[in-house]
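User: I've got a structure here and want to talk through a few of its parts. Could you take my questions one at a time?

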Amino acid sequence: MGRAFAGRSAGRSLAALLVLALACGCTVQTADGDGKRRLPVRIEVPKHSTAPADDDPKPSASASASAGAGAGAGAGAAPSAGAAAPAVLWSRGDSGRDVRELQARLRQVAWLYDGPTGSYDDLTERAVKGFQGKRGLPRTGKTDSVTWKRLKDMTHEPGKWELYLMGGQPADAPDPRCLTGRVLCISKTSRTLRWMIDGRTLMTVSVRFGSVGTPTREGVFSVYWKSRHHVSTLYDSPMPYAMFFSGGQAVHYSADFAAHGYAGGSHGCVNVRDEGAIADLFTQVRNGDKVVVHW
């Protein structure tokens, strides 16, 4: 009886030691009834049985659905109020070759009819606003990177005479035959006319030439007749400020050139679209002045 009680007491002591070991995570050694020590028993206690409630939280199903809907709605849409605005490339008051290309591309999609002029004016601003509004972009009238990319995707790279459809291109170097005397120096390469006296350029204007069927003749000529209010008897069309240099071919103002630029052509004459400039030129040029038409 006493021996059985002693055994139960020893069992309870060993259980208490094990509980203490579990609580402390320590190494315990057991001893048999004979008093001899045995190899230690290592009991590892996990640091946490469960993760804290706020550790690596997972979004709820409703939150995930809302996030997915927001991502889908934003695809391809204009930037939200909180997003950074796209960079503005050009706006009213800017000028240069890039603005000229913008205008040429706007002409291709029928948002601009005048120009290109190379100057970002009120007409260009209005055209950009219309283009933006049609495509759901903010109607700022300023050409930002998003507007520019959309326009480029819809148009082709404009050629030289699309960029300078209404004139304004730089003149090339004068022909050597133009460097002496009083000369109307006309380049078919740059489509320009220089009014020169003794090698000095006094005026430069854009010009247009005859079409394939009625080309403008090349060579050295002279002005033989001036007619301020001339009307063509052959084509029944007005030829104001006409300065004839070769048969029926003359340098004169063209309302069609002023309206349509290089989209059209003459019947062989050299057309000028700037009426003010040719009116001034008409007063300066004399009969007998040289005319050089060259490439």
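**Helix α4, strand β13 and a pair of loops**

User: Which residue caps the N-terminal end of α4?
Analyst: Keep in mind that this is a predicted model. One side-chain oxygen lies 3.4 Å from the backbone nitrogen of leucine 123. The residue that owns this oxygen, and so caps the N-terminal end of α4 under the 3.5 Å limit for a polar contact, is aspartate 121.

User: What span does α4 reach from its first C-alpha to its last?
Analyst: The helix covers residues 122–134, which makes 13 residues. At 1.5 Å a residue, 18 Å is expected, and the model comes close to that. The span reached is 18 Å.

User: Which residue with a positive phi follows α4?
Analyst: Look just past the helix for a phi near 75°. The residue with that positive value is glycine 136.

User: What covers the buried residues of α4?
Analyst: The buried residues in α4 are Thr124, Ala127, Val128, Gly130, Phe131 and Gln132. What covers them includes α3 (97–108), β4 (143–144) and α5 (145–154).

User: How many of the five residues of β13 are buried?
Analyst: Strand β13 runs over residues 290–294. It is largely enclosed by the rest of the structure, and that follows from its buried count. The number is four of the five.

User: Which strand pairs with β13 in the antiparallel sense?
Analyst: β5 (residues 182–187) is ruled out, since it pairs with β13 in the parallel sense over five bridges; there, serine 187 has histidine 294 as its bridge partner. The antiparallel pairing has four bridges, and in it valine 220 is matched with valine 292. The strand, residues 219–222, is β8.

User: Is serine 266 buried or exposed?
Analyst: Serine 266 sits in the loop between α7 (255–260) and β12 (270–272). Its contacts beyond four places in sequence include Arg208, Phe209 and Asn271. Its relative accessible area is 7%, and the cut-off for buried is under 20%, so serine 266 is buried.

User: How far apart in space are phenylalanine 209 and arginine 191?
Analyst: Phenylalanine 209 is in the loop between β7 (200–208) and β8, and at 11% relative accessibility it counts as buried. Leaving aside neighbours within four places, its contacts include Arg191, along with Ile186, Ser187 and Ser266. Phenylalanine 209 and arginine 191 are 18 residues apart in sequence. In space, C-alpha to C-alpha, they are apart by 8.0 Å.

Terms used:
Residues numbered from 1 in each chain as written. Predicted model: local features only at pLDDT ≥ 70, side-chain atom pairs only at ≥ 80, totals over all residues. Heavy atoms only, no water. Helix = DSSP H or I, 4+ residues; strand = E, 2+ residues; numbered from the N terminus. Expected span 1.5 Å × (residues − 1). Buried < 20%, exposed > 50% of the residue type's maximum accessible area, 1.4 Å probe, protein only. Contact = heavy atoms within 4.5 Å. Polar contact = N/O pair within 3.5 Å; in protein donor to acceptor, adjacent residues only side chain to side chain. Pairing = 2+ DSSP bridges.
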